[in-house]
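Here's a walk through one protein chain, going from its strands to its core and then to its largest pocket. Keep the 3D view open while you read.

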Amino acid sequence: MDTPSDTACKRPFVPPFKVGNGFDVHALAADLPMWLGGVRIEDSPVGFVAHSDGDVAIHALCDAILGALALGDIGHHFPDTSDEWRGIDSKILLSKVVDLARERGWEVGNADITIALQAPKIGKYVPSMRETLSKVMGISVDNVSVKATTTEKLGFVGRKEGCEVWATVLLYKACPV
C-alpha cells in the first residue's frame, strides 16, 4: 500500500525497518573445537560437526540478517560444497553478511539469540559472545542479546547430540539507496 508521500514520488513504500529470523542446528562430536557466538568454549570435550568452524549461533544470526533482506540463506551465499569456506571462522561470514546489508543501505539495530544446548553449560561465556558479536556487526553490545537454555533433557539437544539456535534481528534503513 502506498502512503501519500510515496505516491507523490511514484515509488512503492519501503518501511524503515525489516525483521528477520534465523535457525540453525549442528551435531556434536568428540575432539572438535566448540565455537559459539564467536567465542571458543575452552572447557568443552565436544564441538560442532560442520564444513566451517560450526558456530551455530553465528550461522543462525547470518540467516536472520539474510532473511530480513530476502537474500536467501547462509548456504546460498557460503555453500558447504565449496573449499573456499572449509574451516572458515564464522565471524568472517557474519562480517560479509553485515556488509551485504550495508551495501543495500541497512544496519543491524539489534539481535536476539537463543542457544539451546544441554551441555556444556555456556552461561559464563555469554558476556564474551555479546561483546564479540557486537564488534563484528559494529553495533553496541547493549543491542546484542544472547540467552542460553537447555531442553530439560528432551530431544536431540537433551540427549547431548546437538545444538539448536534461533536468532532474530531488526534492521533499520540507514540511508537511501
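What follows is a tour of a predicted model, strand pairings first.

**Strands and their partners**

Let's start with β7, which covers residues 162-173. Strand β1, residues 17-30, runs antiparallel to β7, and eleven bridges join the two. If you want to find the register by eye, look for Ala-27, whose bridge partner in β7 is Gly-162, and for Lys-18, which stands opposite Leu-171.

β7 also pairs with β5, again antiparallel, this time through ten bridges. Here Ile-115 has Val-165 as its bridge partner, while Ile-113 sits opposite Ala-167.

Now look at the other pairings of these strands. β5 is linked to β6 by six bridges, and those two run parallel; Ala-116 of this pairing stands opposite Thr-149 in β6. β1, for its part, pairs with β4, a strand of residues 46-48, in the antiparallel sense over three bridges, and Leu-28 is matched there with Phe-48.

Here are the pairings side by side:

| Strands | Direction | Bridges | One facing pair |
|---|---|---|---|
| β1 and β7 | antiparallel | eleven | Ala-27 and Gly-162 |
| β5 and β7 | antiparallel | ten | Ile-115 and Val-165 |
| β5 and β6 | parallel | six | Ala-116 and Thr-149 |
| β1 and β4 | antiparallel | three | Leu-28 and Phe-48 |

How many residues of β5 are buried? Eight of its eleven are, so β5 is largely enclosed by the rest of the structure.

A good spot to pause on β1 is Val-19. Is Val-19 buried or exposed? Its relative accessibility is 56%, and since the cut-off for exposed is over 50%, Val-19 counts as exposed. Even so, Val-19 has contacts from further along the chain: leaving aside residues up to four places away in sequence, it touches Ala-68, Thr-168, Val-169 and Leu-170. You can also use Val-19 to get a feel for distances along this part of the chain, as Asp-31 is twelve residues on in sequence and 37 Å away in space, C-alpha to C-alpha.

**The nonpolar core**

In soluble globular proteins, nonpolar side chains tend to be buried together. The largest nonpolar core in this model has 47 residues, and the members that touch the most others are Leu-36, Leu-61, Ile-65, Ile-115 and Met-137. Helices and strands both feed into this core: α2, α4, β5, α5, β6 and β7 each give at least two residues. Which element supplies the largest share? That would be α2, with ten residues.

Met-137 is worth a click. Not counting residues up to four places away in sequence, Met-137 touches Leu-61, Ile-65, Leu-94, Val-98, Arg-102, Val-108, Ala-111 and Val-144.

Helix α5 also holds Val-126. With a relative accessibility of 12%, Val-126 falls under the 20% cut-off and therefore counts as buried. Val-126 and Ala-64 are 62 residues apart in sequence, and their C-alpha atoms are 19 Å apart in space.

**The largest pocket**

Next, the empty space. The largest pocket has a volume of about 200 Å³. Which residues line it? They are Asp-24, His-26, Ala-50, His-51, Ser-52, His-59, Ile-74, Gly-75, Phe-78, Asp-80, Trp-85 and Leu-93. β1 and α3, residues 74-77, each contribute at least two residues to this lining. By type, the lining splits into five nonpolar, five polar and two charged residues.

**Backbone oddities in the loops**

A few loop residues deserve a look too. Between β5 and α5 there is a loop that holds Pro-120, and the peptide bond joining Ala-119 to Pro-120 is cis, with omega at about 5°.

Then there are two residues other than glycine with positive phi. Asp-31 has phi near 65° and lies in the loop between β1 and β2; at 75% relative accessibility, Asp-31 counts as exposed. Lys-153 has phi near 65° as well, and its place is the loop between β6 and α6. Lys-153 counts as exposed too, because its relative accessibility is 65%.

Conventions:
Residues are numbered from 1 along each chain as its sequence is written. This is a predicted model: local features need pLDDT of at least 70, side-chain atom pairs count only at pLDDT 80 or more; totals for chains, interfaces and linings use all residues. Side-chain values use heavy atoms; hydrogens and water are left out. A nonpolar core is a set of buried Ala, Val, Leu, Ile, Met, Phe, Trp, Tyr and Cys residues joined through side-chain atoms within 4.5 Å. Buried means under 20% relative accessible area, exposed over 50%, partly exposed in between (1.4 Å probe, protein chains only). Helices (H or I, at least four residues) and strands (E, at least two) are DSSP runs, numbered from the N terminus. Contact means heavy atoms within 4.5 Å. Two strands pair if DSSP finds at least two bridges between them. On a 1 Å grid over the protein atoms alone, a cavity is a set of points where a 1.4 Å probe fits but cannot get out, and a pocket is an open set with protein on both sides within 12 Å along at least five of seven lines; lining residues have an atom within 4 Å of a point. Grid points are joined across faces, edges and corners, and a volume is the space filled by probe spheres set on the points. Ala, Val, Leu, Ile, Met, Phe, Trp, Tyr, Cys and Pro count as nonpolar, Asp, Glu, Lys and Arg as charged, and the others, Gly among them, as polar.
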